[in-house]
Amino acid sequence: MNSRNDMILSDRAASARVSATSMPSRNGVRRWSRRRGVVGFFAALAVVGFAAAMVAPTGVALADPVTPDENETAYSLALEDTQNLTVTVEGATIAPIQRGSFSVYVTPKPTPTPTATEASTGGGGPLFYTGGGAPAEWMAAAGIAEGDQGYVNYIVSKESGWNPNAVNTSSGASGLVQALPCSKVPGNCFDPVDNLRWANGYATGRYGSWAGAYDFWTRNHWW
């Protein structure tokens with residue numbers, strides 16, 4: 001009987017010890033609750049601070065991302081860098097830009113060398129004969145012998161009709177005997193004496209005489 005009671009008492013004592021160890025004291029519960037409240041306060045404060053950091057300073061996190069200009073090119077960027085701006089302020093004096101000077105050297109055109117003009121031209125046109133006279137006088141003055149004057153008269157009549165100023169429009173032959181070119185005649189090609197003097201040397205030099213020149217002309221109609 002006693003041993004049974006001792007066992008009951010022992011079981012009760014053990015239960016009391018377990019209950020005492022498993023149930024916290026009132027002071028312990030208060031300390032744990034206070035610590036939990038402090039931790040919760042700081043956690044809430046940290047959340048608010050993080051949100052403020054994300055939004056408060058600049059709002060960059062919530063702002064739309066900046067999109068580059070679609071027309072932005074390397075040329076436009078270089079153009080902006082030049083900063084070639086003109087600012088006009090009323091009443092302000094804008095000094096002109098001093099630019100460097102330069103000299104342009106132009107090679108002068110060479111002075112044209114005057115070309116020799118024909119003896120039959122002067123003052124912009126031919127020196128036509130206006131001295132008058134007759135064929136016999138002209139032939140005598142040119143040194144043509146009387147025996148040759150008949151041949152000369154025939155050829156000159158065919159060539160120019162004894163017109164000292166005759167000019168062939170197609171060939172340019174000029175004067176009494178139609179010298180070609182006119183510049184062959186020393187002096188003035190339209191002067192009858194100069195023309196006949198040159199023709200006298202031409203006839204004897206090419207055909208041997210005025211008779212030979214006459215013979216050639218009658219067969220060929222030129223000389």
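This passage walks through the fold, the loop before helix α6, the aromatic residues, the salt bridges and the main pocket of a predicted model.

Because the model is predicted, local features are taken at pLDDT of at least 70 and side-chain atom pairs at pLDDT 80 or more, while totals for chains, interfaces and linings use all residues. Numbering starts from 1 along each chain as its sequence is written, and side-chain values rest on heavy atoms, with hydrogens and water left out.

The protein chain has seven helices and two strands; these elements are DSSP runs numbered from the N terminus, with helices being H or I of at least four residues and strands being E of at least two. Going along the sequence, the order is α-α-α-β-β-α-α-α-α. Of its 223 residues, 20% are buried, where buried stands for under 20% relative accessible area, exposed for over 50% and partly exposed for anything in between (1.4 Å probe, protein chains only).

The loop between α5 (149-159) and α6 holds some backbone oddities. In general, most residues other than glycine have a negative phi, and most peptide bonds are trans. Trp162, though not a glycine, has a positive phi of about 60°. This residue sits in the loop between α5 and α6 and is buried, at 13% relative accessibility. Gln178 belongs to that loop too, and its phi is also positive, near 55°. Its relative accessible area is 13%, so Gln178 counts as buried. A little further on, the peptide bond between Leu180 and Pro181 is cis, with omega about -5°; Pro181 is again in the loop between α5 and α6.

One disulfide turns up in the whole structure, taking a disulfide as a pair of cysteine sulfur atoms within 2.5 Å. The partners are Cys182 and Cys189, with 2.4 Å from S to S. The link is left-handed, at -140° about the S-S bond. Both ends are tucked away from solvent by the accessibility criterion: Cys182 is buried at 4% relative accessible area, and Cys189 is buried at 0%.

Aromatic contacts are a recurring theme, with 13 aromatic pairs in the whole structure. Rings of Phe, Tyr and Trp (its six-membered ring) are paired if their centres lie within 6.5 Å, and planes under 30 degrees apart are called stacked, those over 60 edge-to-face and the rest tilted. Trp198 and Tyr202 make a stacked pair, 5.2 Å centre to centre with 20° between the planes. These two residues are four apart in helix α6 (residues 192-207), so about one helical turn separates them. Trp198 is buried, with a relative accessible area of 18%. Tyr202 also pairs with Trp223, this time edge-to-face, at 5.0 Å centre to centre and 90° between the planes. That second contact links distant parts of the chain: Tyr202 is in helix α6 and Trp223 is in the segment after α7 (210-220), 21 residues apart. Trp223 is buried, at 10% relative accessible area. Taken further, Trp198, Tyr202, Tyr207, Trp210, Phe216, Trp222 and Trp223 form one aromatic cluster.

Two salt bridges are present, each calling for a side-chain nitrogen of Lys or Arg within 4 Å of a carboxyl oxygen of Asp or Glu. In helix α6, Arg197 and Asp194 are three residues apart, so they are separated by about one helical turn, and their side chains meet at 3.2 Å, N to O. Arg197 is partly exposed at 43% relative accessible area, whereas Asp194 is buried at 18%. The other bridge runs between Asp215 and Arg219, with 3.2 Å between the closest N and O atoms. Here both residues lie in helix α7, four residues apart or about one turn. Asp215 is partly exposed at 38% relative accessibility, and Arg219 is exposed at 54%.

Finally, the largest pocket has a volume of about 280 Å³. On a 1 Å grid over the protein atoms alone, a pocket is an open set of points, reached by a 1.4 Å probe, with protein on both sides within 12 Å along at least five of seven lines, and lining residues have an atom within 4 Å of a point. Volume is the space filled by probe spheres set on the points, which are joined across faces, edges and corners. The lining comprises 14 residues, with Ala173, Val177, Gln178, Leu180 and Trp223 nearest the centre.
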